[in-house]
Each structure stands twice: as structure tokens, then as C-alpha cells.
Amino acid sequence: MEFNDVYRNERVTRKFTNRKVNEKLLAKIIMQAQQSPSLLNSQPWKAYMVTGGALKDLKQAVKQQIADEVEPHEDFAPTLDLNWDSYPSQNMAAVGASQPYFFNNKIDLFKDANDTMFNAQDVVFLTIPKSSPYWSVFDLGIFSQSIMLLAINEGLAVMPAHSIVAYPELARKYGQIPDDELVGMAIGLGFADKSAEVNDPKYIPARLPFEKIYKLVK
Ligand SMILES: Cc1cc2nc3c(=O)[nH]c(=O)nc-3n(C[C@H](O)[C@H](O)[C@H](O)COP(=O)(O)O)c2cc1C
């Protein structure tokens with residue numbers, strides 16, 4: 001695919017079909033993403049591709065946590081009750097405010113999609129060592145972006161989600177992730193369910209006006 005087409009197609013997908021991705025293709029994508037730059041070539045990342053029975057068991061365990069009303073507790077930090085700087089907070093609020101409008105007050109669609117891991121059949125958990133500096137979080141972000149663009153180039157749909165790592169002890173258990181690694185992010189990989197309302201292409205969260213984020217200084 002042309003790079004511009006890959007990049008233009010970078011949208012998240014909140015419902016996947018039941019079709020699994022070929023395991024060799026999944027491995028190829030992660031291997032190619034290893035070319036990502038990192039601070040002093042530290043390559044702090046590791047990738048745990050969880051699929052099949054292991055993913056089914058993980059989803060079941062997460063479902064139970066949600067039923068038991070256990071608060072999400074991501075390793076990085078809970079996202080929704082943070083006292084963030086007002087700049088990203090306002091942007092997040094704008095996304096939140098547009099959801100009921102888009103979903104015609106069927107916000108459950110969004111919640112159900114998150115609670116069921118978007119029906120992803122293949123999920124990659126991305127970790128860095130627990131004793132990492134901020135630099136490694138930056139590196140992990142680059143690695144994640146590489147994985148997503150490479151996956152889109154292969155015709156796959158992607159879903160990066162903090163909600164998938166809401167219960168990191170379960171990700172560790174079912175993903176065989178060692179205790180000394182931070183479960184930073186997870187990305188669902190697969191095929192978009194184009195008939196799903198939650199994937200309606202009308203819902204494209206707007207980006208900020210360019211002038212708000214860019215300054216040319218001479
Ligand atoms: C680090 C990260 C975490 C995210 N977590 C979630 C999530 O838990 N649930 C969700 O529905 N979307 C999640 N998203 C998707 C964003 O909401 C989405 O990228 C943003 O609204 C822009 O939409 P677009 O990528 O389709 O243009 C996440 C994205 C990133 C990069």
C-alpha cells in the first residue's frame with residue numbers, strides 16, 4: 001500500500017469479526033516493528049501476542065472483574081480520574097462529549113465494545129521493564145505506532161486500548177508476562193466488522209486546529 005494510504009487509514013476499529021489473523025503474519029509485523037528507533041537503541045519493548053484459548057480465558061476473567069465492579073487499575077495510571085493538565089483534559093472531554101451524540105445516546109455500544117475487548121481475536125500486549133525511565137514509554141509509543149501502521153499496510157484493522165490493560169494482573173497471568181514488566185499498552189489486531197454500528201465511519205473524532213499545535217519559530 002502507498003504510505004499515504006496507510007496513514008490515511010489509521011483509524012481505530014471497535015468491533016472485529018471472528019476471523020483470526022495468520023500467526024506468521026502477526027510475527028512478521030512485530031519483527032518489522034523492531035526497526036523502530038529507541039533511545040540509545042535500548043529497545044525496551046517486549047510483545048506478547050495473546051490469542052486462541054489464552055485470550056478467551058483472559059476475556060472471561062476480565063468480564064468477571066467488570067461484573068464484580070472492580071475499578072480499572074492500569075499499570076501506567078488510570079486514565080479517567082487523573083487530574084491532567086487542562087489542555088489534554090479538554091481534548092478528551094470533547095471526544096467524550098461527541099460520543100452520546102454520535103451513538104444517538106447508545107453509549108452502551110462503546111462500553112460493550114470496550115468490555116468485550118472489541119471481539120479482537122488477536123491481542124498484542126506491549127511491555128517495558130518496571131524500572132523504566134520516561135524515555136522507554138516514548139520508545140514504546142513509537143513501537144506501537146510501527147505495529148499499527150505495518151498492520152494496516154497488511155490490510156488489518158487495529159485497536160489500541162487502555163481498557164484492554166485495565167486489569168494488568170490478568171494480562172500477566174494469561175499472557176505469561178513476567179512480574180517485573182509494566183503492561184503498558186495492548187493493541188487488538190484483526191478484521192473490521194464493517195456492519196457494526198460502533199464502527200460507523202461517520203464517527204471520526206476531529207483533530208485540533210493545526211495552529212493550536214504548531215508553531216514555526218525562526
Ligand atoms: C494509548 C491509547 C489508548 C486508547 N484507549 C482506548 C480505549 O481504551 N477505548 C477506546 O474505545 N479507544 C481507545 N483509544 C482510541 C482513541 O480513542 C482514538 O484513537 C481517538 O479517539 C481517535 O480516533 P481515531 O484513531 O479513530 O482517529 C486509545 C488510543 C490510544 C493511542
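Of the 14 residues around the ligand in this predicted model, the nearest are Arg11, Arg14, Asn114, Ser163 and Arg207.

Three of these nearest residues have polar contacts that can be given atom by atom. Arg11 places a polar side-chain atom 2.7 Å from an oxygen atom of the ligand. The side chain of Asn114 has an N or O atom 2.7 Å from a nitrogen atom of the ligand. Ser163 uses its backbone instead, with an N or O atom 2.9 Å from an oxygen atom of the ligand. Taken alone, the ligand has 620 Å² of accessible area, and the protein covers 72% of it. H5 and strand S3 (157-160) are the elements that give two or more residues to the shell around the ligand. By residue class, that shell holds eight nonpolar, three polar and three charged residues.

Salt bridges are the second topic. The whole structure contains six of them. The table lists three, with the closest N to O distance for each.

| Basic residue | Acidic residue | N to O distance |
|---|---|---|
| Lys15 | Asp193 | 3.6 Å |
| Lys20 | Asp122 | 2.9 Å |
| Lys111 | Asp115 | 2.5 Å |

The salt bridge between Asp193 and Lys15 links distant parts of the chain, 178 residues apart. Asp193 sits in the loop between strand S4 (181-190) and helix H8 (210-213), while Lys15 sits in the loop between helix H1 (3-8) and helix H2 (23-33). Asp193 has 15% relative accessibility and therefore counts as buried, the cut-off being under 20%. Lys15, with a relative accessible area of 33%, is partly exposed.

The side chains of Lys20 and Asp122 also meet in a salt bridge. Lys20 is in the loop between H1 and H2 and Asp122 is in strand S2 (residues 122-129), so this pair ties together parts that are 102 residues apart in sequence. Asp122 is buried, at 0% relative accessibility. Lys20 is partly exposed, and its relative accessible area is 37%.

The salt bridge of Lys111 with Asp115 lies within a single element: both residues belong to helix H5 (residues 107-115), four residues apart, or about one turn of the helix. Lys111 is partly exposed at a relative accessible area of 43%, and Asp115 is partly exposed at 25%. Helix H5 also returns to the ligand site, as one of the elements that give two or more residues to the shell.

Key:
Residues are numbered from 1 along each chain as its sequence is written. This is a predicted model: local features need pLDDT of at least 70, side-chain atom pairs count only at pLDDT 80 or more; totals for chains, interfaces and linings use all residues. Side-chain values use heavy atoms; hydrogens and water are left out. A salt bridge is a side-chain nitrogen of Lys or Arg within 4 Å of a carboxyl oxygen of Asp or Glu. Buried means under 20% relative accessible area, exposed over 50%, partly exposed in between (1.4 Å probe, protein chains only). A residue is near a molecule or strand if one of its heavy atoms lies within 4 Å of it. A polar contact is a pair of N or O atoms within 3.5 Å; within protein, one must be able to donate a hydrogen and the other to accept it, and residues adjacent in sequence count only if both atoms are side-chain atoms. Accessible areas come from the Shrake-Rupley method with a 1.4 Å probe; for residues, only the protein chains shown count as cover. Ala, Val, Leu, Ile, Met, Phe, Trp, Tyr, Cys and Pro count as nonpolar, Asp, Glu, Lys and Arg as charged, and the others, Gly among them, as polar.
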